[in-house]
Amino acid sequence: MQYMLLIYNCDRPEPGDPAFPDALARVNAFAEECRRRGAFVSGHPLQGEHTATTVSVRDGMTLITDGPFPETHEHLGGTYVLDCRNLDEALELAALCPMAADGTIEVRPIAGVPNLDHRPSTGT
């Protein structure tokens, strides 16, 4: 079963920061452990919440707001998708994620929806 690890409230050093090489090594070691177990599907760090744009549609009107949803107290820093044997393995890997030491990792099973078309675009 696939699980999404959502990484919240974790500040990460940027390239050029003296802490960056160590942080990058820890993240790469985590991804390698997930690969070794055959669980790694994808991982994506997100740019800071200041780059977010929020879109909603109410009564047929599209509303676009710069920044994250105003009532948001947590910021989403990135995600991993892992293909795990069960929830226990997903939770074990979430605890190994280096961002768990500074932030919070939310683990959710990815819903299997019959006939949902999630094919990638063909690039035409």
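Of the 124 residues of the protein, 24% are classed as buried. The structure is a predicted model, and its secondary structure amounts to two helices and six strands. Read from the N terminus, these elements follow the order β-α-β-β-β-β-α-β. The C-alpha trace extends over about 50 × 40 × 35 Å along its principal axes. Among contacts between residues at least 6 apart in sequence, 75% link residues at least 24 apart.

The exposed surface of the protein comes to about 8,800 Å², of which carbon and sulfur atoms contribute 55%. With respect to charge, 9 positive and 18 negative side chains are present. The centres of these two sets are 7 Å apart.

Helix α2 was examined in detail. This helix comprises residues 87–96, and within it Glu89, Ala90, Leu93 and Ala94 are buried. Viewed down the axis of α2, the buried residues fall within an arc of 140°, and they therefore line one face of the helix. Asp88 and Ala95, by contrast, are exposed on the other side of α2. The cover over the buried residues of α2 includes two strands that precede the helix in residue number, β1 (2–8) and β5 (76–83). Helix α1 (20–36) and strand β6 (104–109) are also among the elements that cover these residues. At the start of α2, a side-chain oxygen of Asn86 comes to within 3.1 Å of the backbone nitrogen of Asp88.

One of the buried positions of α2 carries an acidic side chain, that of Glu89. Glu89 lies in helix α2 and has a relative accessible area of 2%; because the threshold for burial is under 20%, Glu89 is assigned to the buried class. A polar atom of the Glu89 side chain is placed 2.7 Å from the backbone nitrogen of Arg85. When neighbours within four places in sequence are set aside, Glu89 is in contact with Arg37 and Cys84.

Arg37 also serves as a reference point for the segment after β6, in which Val113 lies. The C-alpha atoms of Val113 and Arg37 are separated by 26 Å, the two residues being 76 positions apart along the chain. Val113 has a relative accessible area of 46% and is accordingly partly exposed.

Backbone geometry was considered next. Most residues other than glycine have a negative phi. Asn9, a residue other than glycine, nevertheless has a positive phi, near 55°. Asn9 is located in the loop between β1 and α1, and its relative accessibility of 27% places it in the partly exposed class. A positive phi, of about 50°, is likewise found at Asp59, which is not a glycine. Asp59 belongs to the loop that joins β3 (53–58) and β4 (61–66). The relative accessible area of Asp59 is 82%, and this residue is therefore classed as exposed, the cut-off for that class being over 50%.

In summary, α2 presents one face lined by its buried residues, with exposed residues Asp88 and Ala95 on the other side. The buried residue Glu89 makes contacts beyond its sequence neighbours with Arg37 and Cys84, whereas the positive phi values described above occur in loops, at Asn9 between β1 and α1 and at Asp59 between β3 and β4.

Conventions: Residues are numbered from 1 along each chain as its sequence is written. This is a predicted model: local features need pLDDT of at least 70, side-chain atom pairs count only at pLDDT 80 or more; totals for chains, interfaces and linings use all residues. Side-chain values use heavy atoms; hydrogens and water are left out. Buried means under 20% relative accessible area, exposed over 50%, partly exposed in between (1.4 Å probe, protein chains only). Helices (H or I, at least four residues) and strands (E, at least two) are DSSP runs, numbered from the N terminus. The arc is that of the directions from the helix axis to the C-beta atoms. Contact means heavy atoms within 4.5 Å. A polar contact is a pair of N or O atoms within 3.5 Å; within protein, one must be able to donate a hydrogen and the other to accept it, and residues adjacent in sequence count only if both atoms are side-chain atoms. Accessible areas come from the Shrake-Rupley method with a 1.4 Å probe; for residues, only the protein chains shown count as cover. The place of a charge is taken as NZ of Lys, CZ of Arg, CG of Asp or CD of Glu.
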